[in-house]
Amino acid sequence: MTEFNPNYTTPQHLLNACPMYEKSPLIQLKSIAELDVFIKDESHRMGLGSFKALGGIYAVATLLADKWLKVTGKKLTLEQYSSIEFKNFSSSSTFICASAGNHGLAVASGAKIFGAKAIIHLSEQVPEEFEKRLINMFAVVVRSGKTYEESVDAAIKDANTSNGILLADGSWEGYTYPPSLVMEGYTVIANELLEQFTRIKKWPSHVFIQAGVGGLAASMAYMIREYWQQQPEIIVVESELAPCLQTSHRKGASTTVKGAVSIMGRLDCKSASLVAFNALEKANVDYLSISDKESIAATRILQENNISTTPSGAAGLAGLLKLYKTVRFKTYCAKNNFNPLIIVTENKL
Ligand SMILES: Cc1ncc(COP(=O)(O)O)c(C=O)c1O
């Protein structure tokens, strides 16, 4: 199945039972470059510092629950997720993935919570800080390759030659179920926003979402188009050094691009996720790419407003500011209600 058909009530249901769970804040900042901007701040999500916590932990939990059902013939109950019996059961499972940092933290955290093991492949581009945090979570870290794509290949090989379970956040023909679960976990963000906007009775006119392989953008776009009462424009923001989703859109097929290394490390993915690409194709989104310089400028603006993030985390704002600078868009904004929403996707390292 290369279609994205999430059951969005399931991750929310599991999270409601989790003591670490709280909604991430929706902030309204006045006058960022003359604009009022809604900011969904994911930088403290589940104590892991990024929205990715929602995907990897949920996917680990679900894959283990699937295995439990297969072995015992019974559905795992909500109470059993935190039982010693389930931890003992999970101890024979090892999750393997490649990561630009945050997905690995989420998978390692999920493995730790439920008693499984994790092996995380990091390319040489991934900052050492991530490696340290992963080791603190008892994950085995393997430095694999020069680029994110090389670390993905190494993780696939590792899983193919061991008993490990590959839990990638990207997807391709023949490999879609685990990454779809990761994306299903992210639906919580749009779900929370639906509740937050309904409560304040205001809605964004435009949503800017940064993308690496596209899982976050596709999950958000799906949820917005299915469930939000007021429909915004959706703009997917990529690094100009890794515009795999807009290139895929132009070509009409999930594509790999070439490019130098971007300072937006977590967005520097050269291959689009197939499931994400298919979902975005149905969601009527626009694409925008930004430079490293623009992402650094956006990071500074957020810092001036007491939001600490990285160029990857500030990329949505960089996209918004880039679009706003164009004369045509400024004219549009003067005539129309322009209430943009951005997502700050990670904390400063
Ligand atoms: C901080 C941050 N922002 C955005 C993204 C992009 O998410 P996706 O790869 O699902 O497009 C990532 C992915 O790792 C990330 O870590």
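The following dialogue explains how to read several features of this predicted model.

Q: In what order do the strands of the six-stranded open sheet stand?
A: The order of a sheet is read from one edge strand across to the other. Here the six strands follow the order β1-β2-β10-β7-β8-β9, and their pairing is mixed. At the edges stand β1 (26-32) and β9 (286-290); each has a single partner strand, so one side of each is left without a neighbour in the sheet. On average, neighbouring strands of this sheet are turned by 30° against each other, direction ignored.

Q: Which strand does β1 join, and do the two run parallel or antiparallel?
A: The sense of a pair is read by comparing the directions of its strands. β1 is joined to strand β2 (residues 35-41) by five bridges, and the two run antiparallel. Within this pair, Q28 stands opposite F38 in β2.

Q: Which helix packs on this sheet, touching β1, β2, β9 and β10?
A: A helix that packs on a sheet is described by the strands it touches and by its angle to one of them. Helix α11 (residues 292-304) is in contact with β1, β2, β9 and β10 (340-344). The direction of α11 makes about 90° with that of β9.

Q: How many bridges link β2 to β10?
A: Four bridges link β2 and β10, which pair in the parallel sense. In this pair I39 stands opposite I342 of β10. On to the next pair in the order: β7 and β10 run parallel and are joined by three bridges, and the bridge partner of H206 in β10 is P340. Strand β7 also pairs in the parallel sense with strand β8 (residues 233-239), over five bridges. There, I209 has V236 of β8 as its bridge partner.

Q: Why is strand β7 described as largely enclosed?
A: One counts the buried residues, where buried means under 20% relative accessible area. In β7 (residues 206-210), five of the five residues are buried, so the strand is largely enclosed by the rest of the structure.

Q: Which residues of β7 lie on each side?
A: In a regular strand the side chains alternate between the two faces of the sheet. In β7, H206, F208 and Q210 lie on one side, while V207 and I209 lie on the other; all are buried, and both faces are covered. β10 is likewise mostly covered, with five of its five residues buried. On one side of β10 are P340, I342 and V344, and on the other are L341 and I343.

Q: What is the strand order of the four-stranded open sheet?
A: The same reading from edge to edge applies. The order is β5-β4-β3-β6, with parallel pairing. The edge strands, β5 (140-143) and β6 (165-166), each pair on one side only. Two bridges join β6 to strand β3 (residues 94-99), and these strands run parallel. The bridge partner of I96 in β6 is L166.

Q: Which strands does helix α6 touch?
A: Helix α6 (residues 148-160) packs on the sheet and touches β3, β4 and β6. Its direction makes about 165° with that of β3. Helix α4 (residues 102-114) lies across β3 and β4 (117-122), also running at about 165° to β3.

Q: Where is S144 found, and which residues does it touch?
A: A loop residue is placed by the elements on either side of it. S144 is found in the loop between β5 and α6, and it is buried, with a relative accessible area of 8%. Leaving out residues up to four places away in sequence, S144 touches H121, L122, S123, E150, S151 and A154.

Q: How many residues of helix α12 are buried?
A: Eight of the 11 residues of helix α12 (residues 315-325) are buried, so the helix is largely enclosed by the rest of the structure. Among them are A315, L317, L320 and Y324.

Q: How many residues surround the ligand?
A: A binding site is read from the residues around the ligand and from its polar contacts. Here 14 residues surround the ligand, and the closest are N102, G212, G214, R266 and T345. A polar backbone atom of G212 is 2.7 Å from an oxygen atom of the ligand. A backbone N or O atom of G215 lies 3.0 Å from a ligand oxygen atom, and a polar side-chain atom of K52 lies 3.4 Å from an oxygen atom of the ligand. Taken alone the ligand exposes 390 Å², of which the protein buries 98%.

Terms used
Residues are numbered from 1 along each chain as its sequence is written. This is a predicted model: local features need pLDDT of at least 70, side-chain atom pairs count only at pLDDT 80 or more; totals for chains, interfaces and linings use all residues. Side-chain values use heavy atoms; hydrogens and water are left out. Two strands pair if DSSP finds at least two bridges between them. Contact means heavy atoms within 4.5 Å. Axes are lines fitted to C-alpha atoms, for helices over the stretch in contact, and angles run from 0 to 180 degrees between N-to-C directions. A residue is near a molecule or strand if one of its heavy atoms lies within 4 Å of it. A polar contact is a pair of N or O atoms within 3.5 Å; within protein, one must be able to donate a hydrogen and the other to accept it, and residues adjacent in sequence count only if both atoms are side-chain atoms. Accessible areas come from the Shrake-Rupley method with a 1.4 Å probe; for residues, only the protein chains shown count as cover. Buried means under 20% relative accessible area, exposed over 50%, partly exposed in between (1.4 Å probe, protein chains only).
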